[in-house]
Amino acid sequence: MGAVADLAALATPAPSTREDMLSRVKALAETDIKDMAPTVDRDGVYPADTLRKLGQAGAFSQHLSGHGYSPDRRLLDTIEAMAVAGEHCGCTSFLMWLQNAFGWYLEVSDNTALRDMLQARVAQGALFGTSGMSNPVKSMDGIEKFKLRGRRVKGGYEVSGSLPYVSNLGDGHYMGSAFELADQPDHKVMAVFHINGDDVKIAQNTHFIALEGSGTYAVLVKKHFVSDDMVLADPIPPYVKRIKPAFFLMQAGIALGQIQAHINIMRDADKTLGHVNQYLPDRPEFFEDEMAKATELVAELVKTPLDPDPGYLRKVYEARLAAGELTMRAANSALMHAGARGYITGAAADRRFRESVFVAIVTPATKHLRKAIADLDAA
Ligand SMILES: Cc1cc2nc3c(=O)[nH]c(=O)nc-3n(C[C@H](O)[C@H](O)[C@H](O)COP(=O)(O)OP(=O)(O)OC[C@H]3O[C@@H](n4cnc5c(N)ncnc54)[C@H](O)[C@@H]3O)c2cc1C
């Protein structure tokens, strides 16, 4: 029966409009995603089937040329799909972001053969891809050192090292990440790594306070041959400039989903506690207004994701910073509204609070963004 249902789902035509795509994602959010959320959070179940269904619903394809309902790239649609799913599960919207970021790396790479090989399946959710770019982005922003190192060999590079936390992973998944050359650290290369269980393998060393079902592992790379065919960019600085705005802005989808969830918690709590909640400083209407403003700003910024102007980049940093800070503020307020009922293990306010902290610590974290803005100002 399951196989028949899966075949039926595969035969479903791709959505033909934004509304069609979003209503399919909403239907999934209110069934599979909502039902799975506590299990994903508590038992660490990776929601692979849900992600496949989201792919079939068009949630991973709208920002990629030739894969969405429109011939144009619709980054805002991709962000909205994350927000719709994220209203019920922050872990799922984070996984969507990783899949979408990987699709974007292929989108803006000059390696068209690599794009042709992987992107259609990424867009459909038939293949899982992820981003192992926290370490390279933090390194290039002067926060830490590169953790993957390579050396030039015939036809490619030999790469070794390890990344401590990468999510949306499992055997057979793909990861976009970057390494520097051991003998020439100024030279950095970005490539696709295939988790082959051999010289690129994953190990689960850590448990987290939330996002347990995010398929997060350490990635161990040992003398792995990265052929030139798998290279996304060499050298990477101009390419990283191209991927950064969409990388950062698409995370707004996770933030908006979380904030909506917090508004729902506040409204729900008000049904019985409104007589006292009305004295709290930050009320649901405040967050609704702020969300509308944030959405408008992101909608404007995602129109030009390849804009090289530093002034544009600064606006992107500020928008991403504001999204993280608003998420934390809403998380705090939701707990204040819910009171003791939100302090019970398994309460929505408990899970959503823990998920929200991640928005502020995932790269680019609040502290990283504040540093990056200060660096831009100093320059
Ligand atoms: C659940 C989970 C899932 C994640 N999933 C992903 C993912 O899918 N992909 C991904 O790429 N990342 C992922 N990350 C990483 C994430 O995006 C952030 O990069 C990470 O959480 C930030 O960690 P931090 O705050 O410890 O690092 P920061 O505080 O930003 O940086 C600390 C770094 O600075 C170094 N350091 C300390 N002192 C000095 C010094 N004096 N000079 C220079 N360096 C120094 C430390 O060694 C450390 O590496 C995940 C993290 C978590 C928790």
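Here is a friendly chat about how some labels on this predicted model are earned.

Me: What makes this model one to read with cut-offs in mind, and how are its residues numbered?
Reply: This is a predicted model, where local features need pLDDT of at least 70, side-chain atom pairs count only at pLDDT 80 or more, and totals for chains, interfaces and linings use all residues. Residues are numbered from 1 along each chain as its sequence is written.

Me: Why is S177 called buried?
Reply: A residue is buried if 20 or more other C-beta atoms lie within 10 Å of its own, exposed if 12 or fewer, and partly exposed in between, with C-beta atoms placed from the backbone. S177 has 28 other C-beta atoms within 10 Å, so S177 is buried.

Me: Where does S177 sit, and what does S177 touch?
Reply: S177 lies in strand β4, residues 174-181. Helices (H or I, at least four residues) and strands (E, at least two) are DSSP runs, numbered from the N terminus. Not counting residues up to four places away in sequence, S177 touches G132, M133, P136, L148, L163 and F193. Here, two residues are in contact if their C-beta atoms, placed from the backbone, lie within 7 Å.

Me: How do you know that M175 is buried?
Reply: M175 has 27 other C-beta atoms within 10 Å, and therefore counts as buried. M175 is found in strand β4 too. Leaving aside neighbours within four places in sequence, M175 is in contact with T130, G132, V166, F193, I195 and V219.

Me: What separates the C-alpha atoms of M175 and Q99 in space?
Reply: The two residues are 76 residues apart along the chain, and their C-alpha atoms are separated by 9.5 Å. For S177 and L75, the figures are 102 residues in sequence and 22 Å in space, C-alpha to C-alpha.

Me: Which residues are closest to the ligand, and how many surround it?
Reply: The ligand is surrounded by 21 residues, and the closest are S134, E144, Y165, S167 and T363. A residue is near a molecule or strand if its C-beta atom, placed from the backbone, lies within 6 Å of it. Two or more residues of this shell come from each of β1 (129-132), α7 (134-140) and β3 (156-166). β1 gives the most, with 3 residues.

Me: What classes of residue make up the shell around the ligand?
Reply: There are 10 nonpolar, 9 polar and 2 charged residues. Ala, Val, Leu, Ile, Met, Phe, Trp, Tyr, Cys and Pro count as nonpolar, Asp, Glu, Lys and Arg as charged, and the others, Gly among them, as polar.

Me: Which domains supply at least three residues each to the shell?
Reply: Domain 2 (131-235) and domain 3 (251-378) each do. Domain bounds come from an automatic or database domain assignment, which also gives domain 1 (2-128).

Me: How far apart are the C-alpha centres of domain 1 and domain 2?
Reply: They lie 23 Å apart. The contact takes 21 residues from domain 1 and 19 residues from domain 2. On the domain 1 side, α2 (18-43), α5 (90-108) and α6 (112-124) each give two or more residues. The largest share, 8 residues, comes from α5.

Me: How do you know whether helix α11 spans what a straight helix should?
Reply: The expected span of a helix is 1.5 Å times one less than its number of residues. For the 29 residues of α11 (residues 310-338) that should be 42 Å, and the end C-alpha atoms are 42 Å apart, so the two agree.

Me: What about helix α9?
Reply: A straight helix of 26 residues would span 38 Å, but α9 (residues 252-277) spans only 28 Å between its end C-alpha atoms. α9 bends by about 90° at K271. The bend at a residue is the angle between axes fitted to the seven residues ending there and the seven starting there.

Me: What makes N168 worth a look?
Reply: Most residues other than glycine have a negative phi, and most peptide bonds are trans. N168 is not a glycine, yet has a positive phi of about 60°. N168 is found in the loop between β3 and β4, and with 27 C-beta neighbours inside 10 Å, N168 counts as buried.

Me: Why is the bond joining D234 and P235 called cis?
Reply: Its omega is about 0°, and the bond is listed as cis. The bond from T363 to P364 is also cis, with omega near 0°.
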